[in-house]
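Notebook open, coffee at hand. I want to look up the empty spaces first, then a helix pair.

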Amino acid sequence: MHSLDVARSLASTLAQQGRGIATRGAARQPAEPLELYDMEGCPFCRLVREALTDLDLDVLTYPCPKGGDRYRPLVEKLGGKQLFPYLMDPNTGVAMYESADIIDYLYREYGGRPAPGGWRLRARTAASLAASVPRAGHGLRARDAAVPELPLILYSFEGSPFARLVRERLCEMQIPYLVRQCGRDQWQDWVLPPVRNALEMEYLPTQRHRQELMARAGRVAVPYLIDPNNGEELFESERILDYLDQHYGR
Ligand SMILES: N[C@@H](CCC(=O)N[C@@H](CS)C(=O)NCC(=O)O)C(=O)O
C-alpha cells in the first residue's frame, strides 16, 4: 500500500517536470521564517512551494485543508477570504494572496533576481494541476487530529515523492510544521541514499540543511521529522506516517 502511494507520488513529481527538486539559493535569508497558509494538494500552493525550494527559503506551513477549522478562519480574518496560498512575511509585514504575486515577491525580496519567466504561464499551472491528479485528493481534506504545542520540523524539498506523503498527512491533520529546505545543489545529491551506500560513495553535502542533517543524524535522507514536543526524530516516510497517526491521530 505504501509503495503504491510512493509510485503515485512519483507520478506527481514527474508531472512537475523537474521543478521543486534543485535549489539555486537566495541572495539573502529572512531573519524569521516565512509563513505559508497552504493546502498540500492545491496546484497553486505547489507553485509557491516549488519557488521556496528553488530559493532555499524555510517556511512555517499552516495547513488549511478543506473542512479545516484551525487556520482557515485566521486567513479569512486577516485577508478577507479563504483562498490559498496565503503568504505572511513577518520580516516585512507583507501578507498576500495569489500564487504568481507571491512568487514575484519572493524572488524580488529574497532571490535578488526576477522570478524565472513562465511562472504566470497557463502551461505551468496546468502541469501543477496534473501533478495533483495521481494523488487523487490526498492532502486536501481535513481529518480529526490533535494539535501539537510546538510546530514539527520537516527536512523536505517540494519534489520529493516521499516527503510529499508526509506533507499530505500533516496537511490533513492540520499540524503546523517548519520546512527545512533540502533542495539539491550538486550532482552528488541526485544519487539516492541507498545507491550512495551501496557504492560506498563519499558524500559531502554542500546545501546548508543537508550538511545540518548529516551532522545531526549521520546521513542525509528526506523526509526527516523532528518533533520538538517530545524529542522524537525519525527518517523514513512510512515510519513517520505511523508516528503521526499514533501520536496525533484521533
Ligand atoms: N489565483 C489563485 C487561485 C488560488 C485558488 O483557487 N486556490 C484554491 C485551492 S486550489 C482555494 O483556495 N480554494 C478555496 C478553498 O479551498 O476554500 C492563486 O493563484 O493563488
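Before sorting any lining, I fix the classes: Ala, Val, Leu, Ile, Met, Phe, Trp, Tyr, Cys and Pro count as nonpolar, Asp, Glu, Lys and Arg as charged, and the others, Gly among them, as polar. I also note that this is a predicted model.

**Entry 1: the cavity**

I looked for enclosed space and got one cavity of 30 Å³ or more. The largest cavity holds about 90 Å³. Which elements give two or more residues to its lining? I find helix 2 (43-55), strand 2 (59-63) and strand 6 (177-181). The lining residues I wrote down are R49, L52, T53, V59, T61, S156, F157, E158, R167, Y177, V179 and Q181. With the classes above, that lining splits into five nonpolar, four polar and three charged residues.

**Entry 2: the pocket**

Next I went to the open space. The largest pocket comes out at about 610 Å³. I count 30 residues in its lining, and S160, F162, L192, P193 and V222 are the ones that lie nearest its centre. Helix 1, helix 6, helix 7 (193-198) and helix 9 (237-248) each give two or more residues to this lining. Which element has the largest share? I have helix 1 down for that, with five residues. By class, the pocket lining divides into 16 nonpolar, seven polar and seven charged residues.

**Entry 3: helix 1 against helix 6**

Both helices turned up at the pocket, and I checked how they sit against each other. The axes of helix 1 (residues 2-15) and helix 6 (residues 161-172) come within 8 Å and cross at roughly 105 degrees. Angles of 65 to 115 degrees count as roughly perpendicular, so I log helix 1 and helix 6 as roughly perpendicular to each other. On the helix 1 side, I see H2, D5, V6, S9, L10, S12 and T13 making the contact. On the helix 6 side, P161, F162, R164 and L165 do the job. I sorted the residues of this contact too, and they come to five nonpolar, four polar and two charged.

**Entry 4: T13**

I picked one residue of helix 1, T13, for a closer look. Is T13 buried or exposed? Its relative accessible area is 8%, and the cut-off for buried is under 20%, so I mark T13 as buried. Leaving aside neighbours within four places in sequence, I list G18, I21, G159, S160, P161 and R164 as the contacts of T13. P161 and R164 also appear on the helix 6 side of the helix contact, and S160 is among the residues nearest the centre of the largest pocket.

Definitions and conventions
Residues are numbered from 1 along each chain as its sequence is written. This is a predicted model: local features need pLDDT of at least 70, side-chain atom pairs count only at pLDDT 80 or more; totals for chains, interfaces and linings use all residues. Side-chain values use heavy atoms; hydrogens and water are left out. On a 1 Å grid over the protein atoms alone, a cavity is a set of points where a 1.4 Å probe fits but cannot get out, and a pocket is an open set with protein on both sides within 12 Å along at least five of seven lines; lining residues have an atom within 4 Å of a point. Grid points are joined across faces, edges and corners, and a volume is the space filled by probe spheres set on the points. Helices (H or I, at least four residues) and strands (E, at least two) are DSSP runs, numbered from the N terminus. Axes are lines fitted to C-alpha atoms, for helices over the stretch in contact, and angles run from 0 to 180 degrees between N-to-C directions. Angles under 35 degrees count as roughly parallel, over 145 as roughly antiparallel, 65 to 115 as roughly perpendicular and the rest as oblique. Contact means heavy atoms within 4.5 Å. Buried means under 20% relative accessible area, exposed over 50%, partly exposed in between (1.4 Å probe, protein chains only).
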